[in-house]
Amino acid sequence: MNTSKQVAWLEIDLGAIKNNLHQMQSITGKPILAVVKANAYGHGLVPVARAVFEAGAAWCGVARMDEALALRAGGVDGSILVLGYTPQEDVAQAIAQNITLNVYDPEIAQSYHQAALQAGRKIKVHAKIDTGMGRLGVFAEDGVEYIRFLRSLSGLELEGMFTHFSRADEQVGVSETERQIARFNTLLDSLESSGLRPPLVHAANSAGLLYFPTARFDMVRAGIALYGLNPSSETPVPANFRTALSLKARLHSVKILPAHHGVGYNHRYITSGEERIGVFSAGYADGIRRKVGNVALVRGKRVPILGTPCMDQCMINLDSVPDAQFGDEVVLLGVQGEEQITADDLAAAWGTTNYEVVCGMANRVPRIYRE
Ligand SMILES: *Cc1c(COP(=O)(O)O)cnc(C)c1O
């Protein structure tokens, strides 16, 4: 992997993603739907989807039809489920491209049925049940009637049924998750006894599949854990999972600033004495947050980012790294020598979650893949 010409870049270890998929296959013994929405949590939609299908994923899940079409355009021909809303106008294309849609209420189902009749072919759908998330879906109590209704619409091919957990990543949410599983099971029992059970039933996200064995049903949906990241500090991934994403840049200026010299916009940092200041080429338009107190790794040492990041650059103090020079690699997320900055570290510093950290990696940053 030659990065010498890159100014700032993301390195993505597809081998780590494949490893994590295999770990989840052996933990759960179930087919995996790999969630690759939001540019595969920043890791790159098409390369990640190709890698997971190669590694044996059963399905890919995306949030939007555009993402599903980008997968097809990228030559990915495995099963795809759109987890979010898809407009009726896109149904014909979904049929043509063999993309499965989420039907989460009777009106949507009816509109897809109409569009499918027009297209002269069935649209594949999964029915969404709201067991407690309070987002998309028909309440579990109304599930039998809903599934019966879906089965009456000749334009629909009901492939599956799913629900989504609200609190599977929280210690204090255990009883709530158990209640969600119980509601889903009650519905499943009724569907089974009336011969209406859809073929492919799924519920668990990463935290659910790792921590609630009874939530695995016919398939599990793995997002954050696929990328080797913890759903939360209370629900970490096992030690044999590996992170896949690093954000790197290069030092493009090294110079001495005199004492009492301001650094960057609004002079949020002022040198105390003479200081050796480096500038590297990555900023808040790449995915680093515009906060005071960020850190970077240079030559295996942790150094402070001074003041707030600029759009395309940041300044760092290099006094502890006297041999640092133009062209050196700077790590903003990932490992260098003995040091490491994790997505969890950044999430803690930025007051958010590791999900938001990796999804916040900008499109302009080139992704460089290795196996
Ligand atoms: C995003 C999403 C997932 C993946 O969640 P993780 O916590 O990242 O594993 C699973 N299912 C649905 C419906 C989602 O929207």
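A polar contact is a pair of N or O atoms within 3.5 Å; within protein, one of them must be able to donate a hydrogen and the other to accept it, and residues adjacent in sequence count only if both atoms are side-chain atoms. The model on your screen is predicted, so local features need pLDDT of at least 70 and side-chain atom pairs count only at pLDDT 80 or more, while totals for chains, interfaces and linings use all residues. Residues are numbered from 1 along each chain as its sequence is written, and side-chain values use heavy atoms, with hydrogens and water left out.

Begin by selecting the ligand together with Arg-135, where a polar side-chain atom lies 3.5 Å from an oxygen atom of the ligand. Add Ser-206, whose side chain has an N or O atom 2.5 Å from an oxygen atom of the ligand, and then Arg-221, where a side-chain N or O atom is 2.8 Å from a nitrogen atom of the ligand.

Next, select Tyr-41 and Tyr-355, which are among the residues that surround the ligand (a heavy atom within 4 Å). Their rings pair, since the centres are 6.2 Å apart, and the planes stand at 40 degrees, so the pair is tilted (centres within 6.5 Å; planes under 30 degrees apart are stacked, over 60 edge-to-face, the rest tilted). Tyr-41 is buried, with a relative accessible area of 6%, whereas Tyr-355 is partly exposed at 29% (buried is under 20%, exposed over 50%, partly exposed in between, with a 1.4 Å probe and protein chains only). Adding Tyr-227 completes a cluster of the three tyrosines, linked by ring pairs.

Finally, select Phe-184 and Phe-217, an edge-to-face pair with 5.2 Å between the centres and 90 degrees between the planes; both residues are buried.

Methods. Rings of Phe, Tyr and Trp (its six-membered ring) pair if their centres lie within 6.5 Å; planes under 30 degrees apart count as stacked, over 60 as edge-to-face and the rest as tilted.
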